[in-house]
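Me: I have a structure open and don't know it yet. Can we go through it together?
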Amino acid sequence: MPAASVALNEELNRYIEDKKMQFDQVSVGKKANVFFDGKCVSHTVTLPSGERKSVGVILPSTLRFDLSTKEVMEVVDGTAYVSINGAPEQAFTAGQSWTVEAGGYFVIRAEQAVHYVCHFG
């Protein structure tokens with residue numbers, strides 16, 4: 001199979017995997033990551049490839065996250081109102097995501113629970 005076809009197939013498989021509502025064949029950290037007095041709770045998920053993600057929920061609040069690594073935040077359910085590096089707030093709903101580079105920050109406002117997946121790097 002030509003290299004371009006292989007690359008396209010791999011990209012398509014990643015797209016399909018990202019759109020699923022579950023991760024298959026993963027390791028899950030038993031202990032929750034609890035931030036902001038319980039307003040943000042997540043679990044670390046490690047894929048067979050070694051790629052690490054976190055799956056969690058942000059309860060109604062306004063929180064600031066200062067990042068040491070690049071993060072892509074994907075909304076699974078709910079609406080997140082997000083300001084990235086001081087830019088005007090934008091609304092993100094299920095299926096939408098935003099990216100913040102290492103050294104940046106975002107402020108997230110949740111009026112109701114926001115379920116998310118954080119993709120690192």
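Me: How many salt bridges does a search of the whole structure find?
Reply: The search finds 4 salt bridges. Keep in mind that this is a predicted model.

Me: Ok. Which residue does Lys 53 pair with?
Reply: Lys 53 forms a salt bridge with Glu 51, with N to O at 3.0 Å.

Me: And is Lys 53 buried or exposed?
Reply: Lys 53 is buried, because its relative accessible area is 3%, and buried means under 20%. Its partner Glu 51 is partly exposed, at 35% relative accessibility.

Me: What about Asp 66, which residue does that one bridge to?
Reply: Asp 66 has a salt bridge with Arg 64, and their closest N and O atoms are 2.9 Å apart.

Me: Is Asp 66 buried or exposed?
Reply: Asp 66 counts as exposed because its relative accessible area is 54%, and the cut-off for exposed is over 50%. Arg 64 has a relative accessibility of 42%, so Arg 64 is partly exposed.

Me: Next, what does Glu 89 meet in a salt bridge?
Reply: The side chain of Arg 109, at 2.6 Å from N to O. This pair links distant parts of the chain, with the two residues 20 residues apart. Arg 109 sits in strand 10 (residues 105–110), while Glu 89 is in the loop between strand 7 (79–84) and strand 8 (90–93).

Me: How accessible are those two, Arg 109 first?
Reply: Arg 109 is partly exposed at 26% relative accessibility. Glu 89 is partly exposed too, at 43%.

Me: Which residues are in a network with them?
Reply: Glu 111 is linked with Glu 89 and Arg 109 in a network of salt bridges.

Me: Changing topic. What volume does the largest pocket have?
Reply: The largest pocket has a volume of about 330 Å³.

Me: How many residues line it, and which lie nearest its centre?
Reply: The lining of the largest pocket has 20 residues. Nearest the centre are Phe 35, Phe 65, Leu 67, Glu 71 and Phe 120.

Me: How does the lining divide into nonpolar, polar and charged?
Reply: Of the lining residues, 11 are nonpolar, 6 are polar and 3 are charged.

Me: Last one: which strands each supply at least two residues of that lining?
Reply: Strand 2 (33–35), strand 3 (40–46), strand 4 (52–58), strand 5 (61–66), strand 6 (71–77) and strand 11 (114–120) each supply at least two residues of the largest pocket's lining.

Terms used. Residues are numbered from 1 along each chain as its sequence is written. This is a predicted model: local features need pLDDT of at least 70, side-chain atom pairs count only at pLDDT 80 or more; totals for chains, interfaces and linings use all residues. Side-chain values use heavy atoms; hydrogens and water are left out. On a 1 Å grid over the protein atoms alone, a cavity is a set of points where a 1.4 Å probe fits but cannot get out, and a pocket is an open set with protein on both sides within 12 Å along at least five of seven lines; lining residues have an atom within 4 Å of a point. Grid points are joined across faces, edges and corners, and a volume is the space filled by probe spheres set on the points. Helices (H or I, at least four residues) and strands (E, at least two) are DSSP runs, numbered from the N terminus. Ala, Val, Leu, Ile, Met, Phe, Trp, Tyr, Cys and Pro count as nonpolar, Asp, Glu, Lys and Arg as charged, and the others, Gly among them, as polar. Buried means under 20% relative accessible area, exposed over 50%, partly exposed in between (1.4 Å probe, protein chains only).
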